[in-house]
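Got your viewer open? Let's take a walk through the pockets of this protein, one selection at a time.

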Amino acid sequence: MRRAIIGGTGFYEIVGGEFIEKVVHTPYGDALVHEGEGEHSGLIFLARHGKDHTIPPHRINYRANLKALEIQKVESILAVFTVGSLRPTIPPKSLVLLDQFLDFTSGREATFFDGGRSGLAHAEVNQPYCSALRKRLIGIANSRNMHLIEWGTYVCTNGPRFETPAEIRMFAALGGDVVGMTGVPEVSLARELGIHYAAIAIPVNWGAGLETSISIVREGMDELRASVIRLCTEGLQGFEQGAGDCECRTALMVMHPADGV
Ligand code: HPA
């Protein structure tokens, strides 16, 4: 089973790994991926913001990225996001295994099923993040004494601005735990393609208004990033056994199939 890691801010490569850069052409545009060799054979790394962090959240070509991974025969994805925290119980540098999201984005290309030749389908997202992949990550984290918060609701804003303190209070009141700008529509596009997808969010600051100004934590982040990547590579390796005990392949209600897109 081929597998992928999608990295967000701060994750531009898998340090120490041997990877070959490759442009994948898709009907939605090109995507840049890094294909693993040697010990990382079968693993693809994709830097969501580009390798030099030049693509802002609202300009990421989410459809090209996900389609490129499908073209590369990827069947499972772990996504990593840096976020702001909405809760005193989730301090910066926590690891949050997401289980729900709230979508506050607008104007993004959010589906492969645009009607007409593209077909028409509705993705069910009762469990937006693959339950089998989540279970596997929890097991690995426990066996390593790594503290992984097992539940978290991700609020996705459009960005690129940060939130107002009033928005942060509203998101927390609505049940959000962390806030970021890139988790949606990546998660639901993976579901449309039937790719197993789970995500870890790493708060790097308190949400706006929880401190006098937004202050991004940098100390100790290199080590934390390396341990998250190790968790992800191990989580994806050998995942085939767990795949199937989840809803990822069955949660698409197709009303009209796509016509070769
Ligand atoms: N808000 C939105 N996105 C973010 C934040 C934040 O506070 N921190 C990191 N990504």
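Start with the second largest pocket, which holds about 250 Å³ of space in this predicted model. Select Glu13, Ile14, Val15, Ala226 and Ile229: of the 15 residues lining this pocket, these lie nearest its centre. Colour the lining by class and you'll get six nonpolar, four polar and five charged residues.

Now hop over to the largest pocket, with about 560 Å³ of space. Its lining has 27 residues, and the ones to click for its centre are Thr9, Thr82, Phe162, Val204 and Ile216, which lie nearest to it. Next, show the elements β5, β10, β11 and α5 (221-236), as each gives two or more residues to this lining. β5 gives the most, with four. By class, the lining of the largest pocket has 13 nonpolar, eleven polar and three charged residues.

Where does the ligand sit? Right here, in the largest pocket. Select the residues around the ligand: Thr82, Val83, Gly84, Phe162, Glu163, Val179, Gly180, Met181, Val204 and Asn205. Five of this shell are nonpolar, four polar and one charged. The strand β5 (74-85) supplies the largest share, three residues.

Time to zoom in on some atom pairs. A ligand nitrogen is 2.7 Å from an N or O atom in the side chain of Asn205. For Glu163, look for a side-chain N or O atom 2.9 Å from a ligand nitrogen. At Thr82, pick a polar backbone atom instead: a nitrogen of the ligand is 3.5 Å from it. Last stop, turn on the surface: the ligand taken alone exposes 260 Å², and the protein buries 92% of that.

Technical notes
Residues numbered from 1 in each chain as written. Predicted model: local features only at pLDDT ≥ 70, side-chain atom pairs only at ≥ 80, totals over all residues. Heavy atoms only, no water. Near = heavy atom within 4 Å. Polar contact = N/O pair within 3.5 Å; in protein donor to acceptor, adjacent residues only side chain to side chain. Areas by Shrake-Rupley, 256 points an atom, 1.4 Å probe, with all protein chains shown as cover. 1 Å grid on protein atoms, 1.4 Å probe; cavity = no way out; pocket = protein on both sides within 12 Å on 5 of 7 lines; lining within 4 Å. Sits in = over half its atoms within 2 Å of the grid points. Nonpolar A, V, L, I, M, F, W, Y, C, P; charged D, E, K, R; others polar. Points joined across faces, edges and corners; volume = space filled by probe spheres on them.
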